[in-house]
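Got the viewer open? Keep the selection box handy, and we'll go stop by stop.

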Amino acid sequence: MTSFAVTKLVAAKDLRIELRSRVLINQVLPFAAITMVLFAFALDQDDLLVRVAPGLVWLATLFSMLVVVQRSFAVEAGDGALDALRVAGVPAQGIYFGKAAALAVQLLVLETLLFAAAFVLYSSRFDGAGVFLLITSALAASCGLGLVGTLYGGLTTGTKGRESLLPLLLLPVVAPVLIGATRATEAALGVGRISMQEGWAWVALLVTYALLFGIGGSIGFGPLVDDTA
Amino acid sequence: METDPVVQLVDVVAVLDRFPALAGATLTVHRGEIVLLTGPNGAGKTTLLRLCAGLLPPARGTAMVLGLDLVEQREAVRSRVGLLGHSNGLYTDLTITENVAFWGATVGASAEEVSAAVERMGLAGRLSDVPVRKLSAGQRRRTALACLIARRAELWLLDEPHAGLDAAGRDELDTVLRAATAAGATMIVASHEMERAGALATRMVEVAGGQIRGQIRGQESGTP
């Protein structure tokens with residue numbers, strides 16, 4: 001079976017499991033919503049909230065992503081399915097890209113709802129001029145987060161204390177995505193002093209980040225999960 | 001009648017954490033056999049299964065599985081071998097059919113093959129649409145075996161297959177394993193339960209100190 005076919009198979013399986021278990025809807029979204037509300041309480045200044053809304057949305061995305069990544073690998077580790085996939089000789093690249101794709105789709109859903117929450121809670125405004133930039137930056141950031149989340153999720157699967165180890169390892173590594181996505185979103189929403197042109201430069205960084213982790217993960221994921229099998 | 005060996009290990013050494021878990025193991029298994037590995041904990045039974053599954057490379061000796069070299073062609077071996085250890089490798093939020101279809105899809109199995117695998121394990125009907133998390137331990141084991149069938153595994157490596165099952169579940173498992181062997185599967189079973197697993201096996205082999213010490217019962221098919 002080709003890696004591309006495995007990618008589609010694994011992504012469809014992960015999304016079906018999510019639809020069945022509704023962890024994103026029942027656990028992650030309420031967590032993200034509470035985070036957004038708490039940010040509003042903590043800052044409590046409309047102008048400030050409007051200005052920092054992009055950063056808060058992406059911070060809430062990163063925190064929520066930790067839950068999604070842990071869930072994605074708990075599903076695999078619960079009954080030894082990830083080990084079984086490797087034992088069955090299923091290409092590791094396909095597993096890696098499939099899980100990353102499913103993760104990216106879930107993050108896109110999450111980001112859409114978080115942006116909607118930002119418009120309601122923080123009175124963010126959006127005139128539509130930066131819509132293409134906003135969508136592209138969200139897509140690039142979600143791909144990058146999906147790829148890096150899958151790599152580190154695989155790394156910590158089967159290790160003791162993985163619940164605390166994952167954030168410790170993952171959060172510093174996703175800092176470029178937080179910075180790049182926040183700046184690009186600021187440009188798209190017209191807050192801060194970022195021009196649209198600069199916004200696209202930040203999108204280029206997000207794409208480069210995703211490409212680097214895509215290449216690195218496709219090489220490293222197999223040996224990583226083999227070592228834990 | 002002699003058949004091509006499915007497993008042929010000659011003086012195989014395998015190292016786990018610098019410890020020689022297999023220390024010169026020699027074993028030949030022919031198509032259609034059910035070989036029971038017995039021996040104390042730490043004897044090397046599980047290591048032998050993992051080696052045959054292509055998870056552990058031999059450090060020395062000759063190791064061929066399904067005619068493929070375990071050093072040079074490990075990935076190819078993996079795709080044709082099924083290892084069922086203490087866990088079942090199932091997705092508990094998916095139904096029986098969805099699990100079997102997923103594993104079957106990894107080798108391009110058709111919907112008919114998936115249905116046949118589910119039926120052969122006695123899981124057809126309304127049960128096939130039940131999520132795995134709602135199944136008994138015995139039903140989960142049968143689902144895992146249906147996945148092996150859908151994956152077209154030619155060599156089944158079973159590590160303590162009766163563990164965690166009640167008496168009815170063990171009987172069910174024995175029935176489906178016999179049926180699978182009758183349909184052409186070859187099995188190596190590691191178990192402490194000599195009486196039950198022994199009744200299932202065509203040959204019993206003792207493993208101790210990382211070596212095959214001898215045959216307790218039966219003889220290699222094709223051996224005069």
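Start with A:R22, which sits in the loop between helix 1 (3-21) and helix 2 (23-43) of chain A. Bear in mind that you're looking at a predicted model. Now check the backbone here: A:R22 has a positive phi of about 55°, and it isn't a glycine. For context, most residues other than glycine have a negative phi. Is A:R22 buried or exposed? Exposed, because 12 other C-beta atoms lie within 10 Å, and a count of 12 or fewer puts a residue in that class.

Next, select residues 46-77 of chain A, which is helix 3. How far apart should the ends of a helix with 32 residues be? At 1.5 Å a residue the expected span is 46 Å, and the end C-alpha atoms of helix 3 of chain A are 44 Å apart, so the two agree. Zoom in on A:V52, where helix 3 of chain A bends by about 60°. Show A:P54 as sticks too: this proline follows the bend within four residues.

Now zoom out and show chain A as a cartoon. You should find nine helices and zero strands, so to speak a pure run of α-α-α-α-α-α-α-α-α along the sequence. Rotate the C-alpha trace of chain A, which spans about 55 × 35 × 30 Å along its principal axes. Its radius of gyration is 18 Å, which agrees with the value near 17 Å for a compact globule of 229 residues. Colour chain A by burial and 51% of its 229 residues come out buried. If you draw a contact map of chain A and keep separations of 6 or more, 85% of the contacts are between residues 24 or more positions apart.

Bring chain B back and look at where the chains touch. Here 21 residues of chain B are in contact with 19 residues of chain A. On the chain B side, select helix 2 (74-78) and helix 3 (96-105), as each supplies at least two of the residues that touch chain A. Colour that side by class and you get nine nonpolar, eight polar and four charged residues.

Stay with chain B and colour it by domain. The assignment gives domain 1 as 1-80 + 154-224 and domain 2 as 90-152. Put a pseudo-atom at each domain's C-alpha centre, and the two in chain B are 24 Å apart. The contact between them takes 12 residues from domain 1 of chain B and 12 residues from domain 2 of chain B. Which helix gives the most to the domain 1 side? Select residues 167-182 of chain B: that's helix 6, with seven residues. By class, this domain 1 side of chain B has eight nonpolar, three polar and one charged residues.

Two last stops in chain B. Pick B:D11, in strand 1 (residues 5-16) of chain B. Its phi is near 50°, a positive value in a residue other than glycine. B:D11 counts as partly exposed, with 15 C-beta neighbours inside 10 Å.

Finish at B:G67, in the loop between strand 4 (60-65) and strand 5 (68-69) of chain B. B:G67 is partly exposed, with 13 other C-beta atoms within 10 Å. Add B:P5 to the selection and draw a distance: B:G67 and B:P5 are 62 residues apart in sequence, yet 7.7 Å apart in space, C-alpha to C-alpha.

Methods: Residues numbered from 1 in each chain as written. Chains lettered and ligands numbered in written order. Predicted model: local features only at pLDDT ≥ 70, side-chain atom pairs only at ≥ 80, totals over all residues. Domains from an automatic or database assignment. Contact = placed C-beta atoms within 7 Å. Nonpolar A, V, L, I, M, F, W, Y, C, P; charged D, E, K, R; others polar. Expected span 1.5 Å × (residues − 1). Bend = angle between axes of the 7 residues up to and from the residue. Rg over C-alpha atoms; globule rule 2.2 N^0.38 Å. Buried ≥ 20, exposed ≤ 12 C-beta atoms within 10 Å, placed from the backbone.
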